[in-house]
Amino acid sequence: MEKTLYIFKNKYEIAGYNGEVLTKRVGDVITETIKEPTEEQLKEFGFKELENTVRPDGKKGYVIEPYYEVDGDKIKQCYEQVKE
């Protein structure tokens, strides 16, 4: 696989695919085990490409906090300026 795909956990956390075995389940029953998933299989499990954006310049009295949001078939890294 050429590019790293990520899974969205929450607004502040994503995780890159790190080679773990993927399993499809119906209830408690494993229906399929995938040891070396293709990019398409990873996408079926919810993994997405990461789109980095330009970090804005800081403003006095504010800190820049990164966060993530799902934007279609990508995870977008965004920034917000928060008062100190």
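Student: How many positive and negative side chains does the protein have, and how far apart do the centres of the two sets lie?
Tutor: There are 14 positive and 18 negative side chains in the protein. The centres of these two sets are 5 Å apart. Please keep in mind that this is a predicted model.

Student: What is the mean pLDDT, then?
Tutor: The mean pLDDT of the protein is 92, and 98% of the residues reach 70 or more.

Student: Which elements have the lowest and the highest mean pLDDT?
Tutor: Strand β3, residues 22-26, has the lowest mean among the elements, at 91. Strand β1, residues 6-10, has the highest, at 97.

Student: How many helices and strands are there in the protein?
Tutor: The secondary structure consists of one helix and seven strands. Read from the N terminus, the order is β-β-β-β-α-β-β-β.

Student: Is the protein a compact globule or more spread out, and why?
Tutor: It is more spread out than a compact globule, because its radius of gyration is 17 Å, well over the 12 Å that the globule rule gives for 84 residues. Along the principal axes, the C-alpha atoms fill a box of roughly 55 × 30 × 20 Å.

Student: What share of the residues is buried?
Tutor: Buried residues account for 19% of the 84 residues. The protein exposes about 6,200 Å², and 44% of that area is supplied by carbon and sulfur atoms.

Student: And what about contacts between residues at least 24 apart?
Tutor: Among the contacts between residues at least 6 apart in sequence, 42% join residues at least 24 apart.

Student: Let us turn to single residues. Where is Gln77, and is it buried or exposed?
Tutor: Gln77 is in strand β7, residues 74-83. Its relative accessible area is 14%, so Gln77 is buried, the cut-off for that class being under 20%.

Student: Which residues does Gln77 touch?
Tutor: Leaving out residues up to four places away in sequence, Gln77 touches Leu50, Glu51, Asn52 and Thr53, and also Pro66, Tyr67 and Tyr68.

Student: Back to strand β3. Is Val26 buried or exposed?
Tutor: Val26, which is found in strand β3, has a relative accessibility of 58% and therefore counts as exposed. Its C-alpha atom is 20 Å from that of Phe47, and the two residues are 21 apart in sequence.

Student: How far is Lys24 from Phe45 in space?
Tutor: Lys24 and Phe45 are 8.7 Å apart, C-alpha to C-alpha, with their positions 21 residues apart in sequence numbering. Lys24 is also found in strand β3, and at 29% relative accessibility it counts as partly exposed.

Student: What does Lys24 touch?
Tutor: Not counting residues up to four places away in sequence, the residues touched by Lys24 include Val29, Ile30, Thr31, Glu32 and Ile34. Glu44 and Phe45 are touched by Lys24 as well.

Student: Where is Asp28, and is it buried or exposed?
Tutor: Asp28 is found in the loop between β3 and β4. With 75% relative accessibility, Asp28 counts as exposed. The C-alpha atoms of Asp28 and Gly46 are separated by 20 Å, while the residues are 18 apart along the chain.

Student: One last residue: which ones is Lys9 in contact with?
Tutor: Apart from its neighbours within four places in sequence, Lys9 is in contact with Ile14 and Ala15. Lys9 lies in strand β1. Lys9 and Glu69 are 60 residues apart in sequence, and their C-alpha atoms are 10.0 Å apart in space.

Note on methods:
Residues are numbered from 1 along each chain as its sequence is written. This is a predicted model: local features need pLDDT of at least 70, side-chain atom pairs count only at pLDDT 80 or more; totals for chains, interfaces and linings use all residues. Side-chain values use heavy atoms; hydrogens and water are left out. Helices (H or I, at least four residues) and strands (E, at least two) are DSSP runs, numbered from the N terminus. The radius of gyration is taken over C-alpha atoms; the globule rule is 2.2 Å times the number of residues to the power 0.38. Buried means under 20% relative accessible area, exposed over 50%, partly exposed in between (1.4 Å probe, protein chains only). Contact means heavy atoms within 4.5 Å. Accessible areas come from the Shrake-Rupley method with a 1.4 Å probe; for residues, only the protein chains shown count as cover. Lys and Arg count as positive and Asp and Glu as negative; His and the chain ends are not counted. The place of a charge is taken as NZ of Lys, CZ of Arg, CG of Asp or CD of Glu. pLDDT is the predictor's confidence in each residue, from 0 to 100.
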